[in-house]
Amino acid sequence: MAKKKPAGSQMVYYFGKTRTDGDTTMKQLIGGKGANLADMTSIGLPVPPGFTITTECCDQYYQNKQKFPKGLMDDVAEAVKTLEKETGKKFGDNSNPLLVSVRSGAALSMPGMMNTILNLGLNDESVVGLVNATGNERFAYDAYRRLINMYGDVVMEVHHEYFEEAFAKIKKKYNAKDDNDVPTEGLIELVHAYKEVYKKHTKQDFPQKPMEQLELAIEAVFKSWNSDKAISYRRIEGITGLKGTAVNVQSMVFGNMGDDSGTGVAFTRNPSTGENKFYGEFLINAQGEDVVAGIRTPQPVDEMPKWKAPTDKTIGKKMHDELMKIKTKLEKHYKDVQDIEFTIEKGKLYMLQTRNGKRTGAAAVRIACEMAKEKLIDEKTAILRIPAGDLTQLLLPSFDPAAKKKEKPLTIGLPASPGAAFGKLAFSADEAVDRAHDGEKVILVRKETSPEDVDGMHSAAGILTSTGGMTSHAAVVARGWGKCCVAGAGAIEIDEKGKKIKVNGKTFTHKDVISIDGSTGEVFAGEMATVSPKMSGDFETVMKWADKHRKLGIRTNADSPEDAKRARDFGAEGIGLCRTEHMFFEPERIIHMREMILAEEKPAREAALKKLLPYQRKDFEGIFKAMAGLPVTIRLLDPPLHEFLPHDAKSQEEVSKATGIPVAKIKTRVAQLHEHNPMLGHRGCRLSVTYPEILVMQVTAITEATINCLGKKIDAKPEIMIPLVGTVKELAMLRRITEETIEDVKTKKGFKGNLPILIGTMIEIPRAALTADEVATEADFFSFGTNDLTQMTFGYSRDDINSFLPDYLSEEILERDPFQSLDTTGVGQLVAMAVEKGRKTKPKIKLGICGEHGGDPASIFFCHTVGLDYVSCSPFRVPIARLAAAQATLKHGK
Ligand code: PEP
Ligand code: MG
């Protein structure tokens with residue numbers, strides 16, 4: 001390793017007492033795990049030495065038709081030599097062999113999505129060496145059989161089941177209930193049996209040369225970067241732009257050397273609730289994968305002090321004390337919650353991994369607040385720490401305590417990830433994906449979830465497993481997503497093939513609904529009622545901090561007084577979009593709406609509109625009241641009229657009965673109004689150009705409602721918004737009619753004062769953005785309708801994008817769904833241009849956004865950078881937007 005390499009070409013980074021090449025700033029190059037292993041070594045934590053192969057090597061492997069970069073194995077061989085020197089052990093040795101683990105580790109953590117191989121370096125000779133070195137024959141053969149199994153599975157793709165079958169036979173022969181009950185001679189036999197399995201399925205002998213094992217293992221890790229599960233995980237998490245995975249080769253320590261050894265996984269604080277309490281699980285006499293894979297159910301770390309070994313009665317207390325010291329040291333160093341893996345080998349504690357712990361939204365809020373209080377981090381860091389999107393989890397309902405009291409749980413599992421969910425049972429990940437796609441709510445029920453299940457877990461409303469602990473993959477992944485999960489509900493017998501579960505003598509099939517409570521672990525039959533969440537004090541603190549720092553105003557998209565009130569409670573500072581069409585769908589209204597649309601002549605249309613007016617006025621009064629003192633942007637009717645019409649014979653007859661219009665006439669009118677491209681058709685301001693009486697009715701209702709509210713001392717602040725404008729002339733014409741209508745109403749109502757009703761437009765057609773300087777001459781405000789703007793800029797239909805979007809995402813043609821997160825390079829340019837042009841004409845013009853993007857943190861960041869005045873989003877996203885807006889100020893620095 002002493003050879004001098006040109007800068008940037010180092011492929012292997014060593015960590016250990018000899019020297020440590022990497023550090024915590026190198027996550028892109030040596031992966032998160034590699035960087036933290038180097039870092040932990042540097043701060044003096046007990047880390048078994050090893051080395052990391054860079055992510056660039058993985059990238060080159062793929063660029064180079066799946067061949068290693070030149071010289072990689074030479075550098076690996078040198079690193080192995082250094083490792084041999086430092087540990088005093090030798091690869092493949094028959095007296096004191098060096099064994100290593102080979103693990104993946106990308107720049108961002110992808111728990112369980114890629115490959116790991118343990119005990120590498122064992123062969124027929126070194127297994128004897130391991131017996132000699134440890135004096136523990138059982139242990140040595142146990143390690144060897146694990147290697148053959150893992151290596152066969154991961155490197156050579158021999159199905160794990162074949163090994164399981166061989167193990168079952170041996171267990172039967174020796175009458176062993178548990179893996180640990182198999183005697184040494186049984187394990188020796190098992191090694192032979194595994195070698196047979198290996199040979200049968202790979203047509204080769206198990207490789208005896210450790211360097212050959214290592215080379216293939218490294219390659220297998222590189223390959224796992226592009227396994228289906230890893231690709232799915234990256235897609236779901238929106239991880240893009242990484243070079244590949246690093247590979248960590250680390251000298252092995254053993255948690256399975258007897259009663260004074262063990263292994264565990266822990267978080268420095270509770271990742272579900274955020275409570276500042278060390279939280280984790282461990283297993284005595286076991287190797288790491290036993291804990292994570294949910295094969296044996298581990299004990300909570302709290303109980304560690306009770307652990308006594310025959311050779312050391314206080315081992316548990318000593319180890320626990322040491323872990324507590326490490327907790328403090330790690331948090332002081334990383335200033336964040338750490339998720340660690342540790343192993344105890346014959347009473348000595350080793351750290352195998354640390355990374356920032358994934359946590360629920362609730363935990364993120366509590367941890368950020370408490371760490372700020374503890375002065376570990378400052379307020380700004382605390383704000384930036386909380387993934388804004390995760391706040392949704394705090395706003396989700398939980399089960400109604402009253403309803404819960406009446407129901408006895410079927411069983412209680414582990415509360416692996418909080419929340420409340422109900423749904424019909426789905427028994428495989430694919431089934432969950434398909435049924436959820438068809439609009440069903442499903443609970444994914446599995447014995448244990450494996451990383452292959454990520455898509456199904458993501459689609460399901462909740463996850464229920466019958467084995468596995470709180471740190472099993474299911475739990476970790478679910479918590480990261482804020483998805484409700486109950487794990488380890490052992491009383492549930494799952495019959496995957498028969499598609500049913502049995503619990504407590506009752507049977508449930510894929511047609512039955514169950515409810516799971518991820519905060520308590522309870523499982524109930526049927527659908528349980530839910531209640532709205534209560535905000536914690538920490539949540540309020542975070543919101544206060546956010547409001548102090550943000551520059552963007554936050555409004556909401558709401559079209560009922562209830563939604564308006566809810567949004568206001570969440571901190572909305574007005575309504576940015578009230579879609580008036582939603583007010584026409586109630587039964588007693590739709591009939592007048594239909595009457596209006598079906599009318600062939602203006603007088604009949606006006607008569608129908610007259611009937612609708614009182615409803616509209618009342619709605620607006622309710623909304624103005626709920627938003628008193630705050631601006632309310634009301635958008636005039638937008639959708640194509642045919643959306644309101646009856647399309648089947650039965651409803652056409654009903655309309656005929658109610659209106660007296662003959663069925664034949666209705667049919668003709670429906671056919672007349674049919675459009676091939678309704679989204680690009682007769683909608684938005686085009687409706688008001690053709691039928692100005694619709695606009696007149698709506699503006700009359702708004703103005704009357706305003707005057708009525710002001711009369712009752714309710715401070716109504718309406719803003720009238722004209723949708724789908726593409727040319728300034730459309731807006732000029734409709735503005736004129738709007739102003740005239742307002743004046744008419746004032747006169748009719750004898751209102752003398754000033755009515756400061758703003759009149760503005762949506763910018764949602766590319767042409768409006770391109771000519772925003774002209775449009776601004778007629779607009780008091782712009783609100784970017786980025787749903788339509790995205791649709792029309794990309795030429796993707798909003799309603800049909802799902803037929804090709806999955807391919808576009810998997811091929812990385814698109815990084816994300818542009819209807820969810822604003823395409824800042826394309827659509828964003830139009831927004832930025834319209835902002836500039838609009839302000840050039842009218843420096844004080846008010847600018848906002850009301851497309852779905854107004855609640856998406858990345859898009860909010862963009863809105864901040866282009867200098868919008870506010871974002872508007874659905875009520876439940878208001879807190880997210882408040883936090884994201886503050887984060888934008890802190891990140892953007894302005
Ligand atoms: C938009 O197009 O972004 C918008 C807010 O309007 P709608 O979604 O109602 O078309
Ligand atoms: Mg629109």
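A residue counts as near a molecule if one of its heavy atoms lies within 4 Å of it. With that in mind, here are some close-ups of this predicted model.

**View 1. Who sits around ligand 1.** There are 14 residues around ligand 1, and R579, R635, G785, N787 and R798 come nearest. Sorted by character, the shell holds 7 charged residues, 4 polar ones and 3 nonpolar ones. Strand β27 (575-579) and helix α29 each chip in at least two residues, with α29 giving the most, at 3 residues.

**View 2. Polar contacts to ligand 1.** On the side-chain front, R635 places a polar atom 2.9 Å from an oxygen atom of ligand 1. The backbone joins in too: a polar backbone atom of T786 is 3.0 Å from a ligand 1 oxygen, and a backbone N or O atom of D788 lies 2.9 Å from an oxygen of ligand 1. Taken alone, ligand 1 exposes 290 Å², and the protein buries 95% of that.

**View 3. The magnesium ion (ligand 2).** Zoom in on the metal and you'll find its protein donors, E764 (OE) and D788 (OD), lying 2.1 Å from it. The two are 24 residues apart and link distant parts of the chain: E764 is in the loop between β30 (758-763) and α27 (766-770), while D788 belongs to helix α29 (residues 786-794).

**View 4. The two magnesium donors, buried or exposed?** E764 has a relative accessibility of just 1%, so this residue counts as buried. D788 is buried as well, because its relative accessible area is 2%, against a cut-off of under 20%.

Note on methods: Residues are numbered from 1 along each chain as its sequence is written. Chains are lettered from A and ligands numbered from 1 in the order in which they are written. This is a predicted model: local features need pLDDT of at least 70, side-chain atom pairs count only at pLDDT 80 or more; totals for chains, interfaces and linings use all residues. Side-chain values use heavy atoms; hydrogens and water are left out. Donors are N, O and S atoms within 2.8 Å of the metal (3.2 Å for Na, K and Ca); water is not among the atoms, so sites may look incomplete. Helices (H or I, at least four residues) and strands (E, at least two) are DSSP runs, numbered from the N terminus. Buried means under 20% relative accessible area, exposed over 50%, partly exposed in between (1.4 Å probe, protein chains only). A polar contact is a pair of N or O atoms within 3.5 Å; within protein, one must be able to donate a hydrogen and the other to accept it, and residues adjacent in sequence count only if both atoms are side-chain atoms. Accessible areas come from the Shrake-Rupley method with a 1.4 Å probe; for residues, only the protein chains shown count as cover. Ala, Val, Leu, Ile, Met, Phe, Trp, Tyr, Cys and Pro count as nonpolar, Asp, Glu, Lys and Arg as charged, and the others, Gly among them, as polar.
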